[in-house]
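Reader: I'd like a close look at one part of this chain, the sheet and what sits around it. Could you walk me through that slowly, and then place it in the chain as a whole?

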Amino acid sequence: MSIEDIREAYYTKPFKPFVIRLTDGRGLLVKQACNLAIAPSGQSLAYTKPDDGFVLFELTEVEKLERPKKKRTKH
């Protein structure tokens, strides 16, 4: 995974939520751009959790990016 891939998802206008899948299996749902901070070097990132905590991780821990699946509504 490259920092360019993450920046592309991060800077998409209008913003579209995405999941950062880490090598340990965790998925971090980035609902808004303000949920993620990228260090200038692109090697370190910080994710704000819904409970106001943080997850700090390195680019080398990112396995892939995913778009959340849309929920289907029943008619």
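Author: Here is a walk through the sheet, then one glycine in it, then the whole chain. Keep in mind that this is a predicted model.

Let's start with the sheet itself. It is an open one, built from 3 strands in the order β2-β1-β6, and the pairing is antiparallel. On the outside you'll find β2, covering 27-30, and β6, covering 62-66; these are the edge strands, and each has a pairing partner on one side only. Going from one strand to the next, the twist averages 20 degrees.

Now look at how β1 and β6 are held together. Strand β1 takes in residues 18-22, and 4 bridges join this strand to β6, with the two running antiparallel. If you want a spot to put your finger on, try Leu22, which stands opposite Val62 in β6. Helix α1, made of residues 3-10, packs on the sheet and touches both β1 and β6. The direction of α1 makes about 30 degrees with that of β6.

Over on the other edge, let's zoom in on Gly27, a residue of strand β2. Is Gly27 buried or exposed? Neither, really: its relative accessible area is 37%, and because buried means under 20% and exposed means over 50%, Gly27 counts as partly exposed. Setting aside neighbours within four places in sequence, Gly27 is in contact with Val19, Ile20 and Arg21. For a sense of distance, take Ala46: Gly27 and Ala46 are 19 residues apart in sequence, and their C-alpha atoms are 13 Å apart in space.

Stepping back, the chain has 1 helix and 6 strands. Read from the N terminus, the elements go α-β-β-β-β-β-β. The C-alpha trace spans about 50 × 25 × 20 Å along its principal axes. Of the 75 residues in the chain, 28% are buried. Take the contacts between residues at least 6 apart in sequence: 48% of these join residues at least 24 apart.

What about the surface and the charges? The accessible surface of the chain comes to about 5,600 Å², and carbon and sulfur atoms account for 53% of that. As for charged side chains, there are 14 positive and 10 negative ones, and the centres of the two sets lie 12 Å apart.

How values were computed
Residues are numbered from 1 along each chain as its sequence is written. This is a predicted model: local features need pLDDT of at least 70, side-chain atom pairs count only at pLDDT 80 or more; totals for chains, interfaces and linings use all residues. Side-chain values use heavy atoms; hydrogens and water are left out. Two strands pair if DSSP finds at least two bridges between them. Helices (H or I, at least four residues) and strands (E, at least two) are DSSP runs, numbered from the N terminus. Axes are lines fitted to C-alpha atoms, for helices over the stretch in contact, and angles run from 0 to 180 degrees between N-to-C directions. Contact means heavy atoms within 4.5 Å. Buried means under 20% relative accessible area, exposed over 50%, partly exposed in between (1.4 Å probe, protein chains only). Accessible areas come from the Shrake-Rupley method with a 1.4 Å probe; for residues, only the protein chains shown count as cover. Lys and Arg count as positive and Asp and Glu as negative; His and the chain ends are not counted. The place of a charge is taken as NZ of Lys, CZ of Arg, CG of Asp or CD of Glu.
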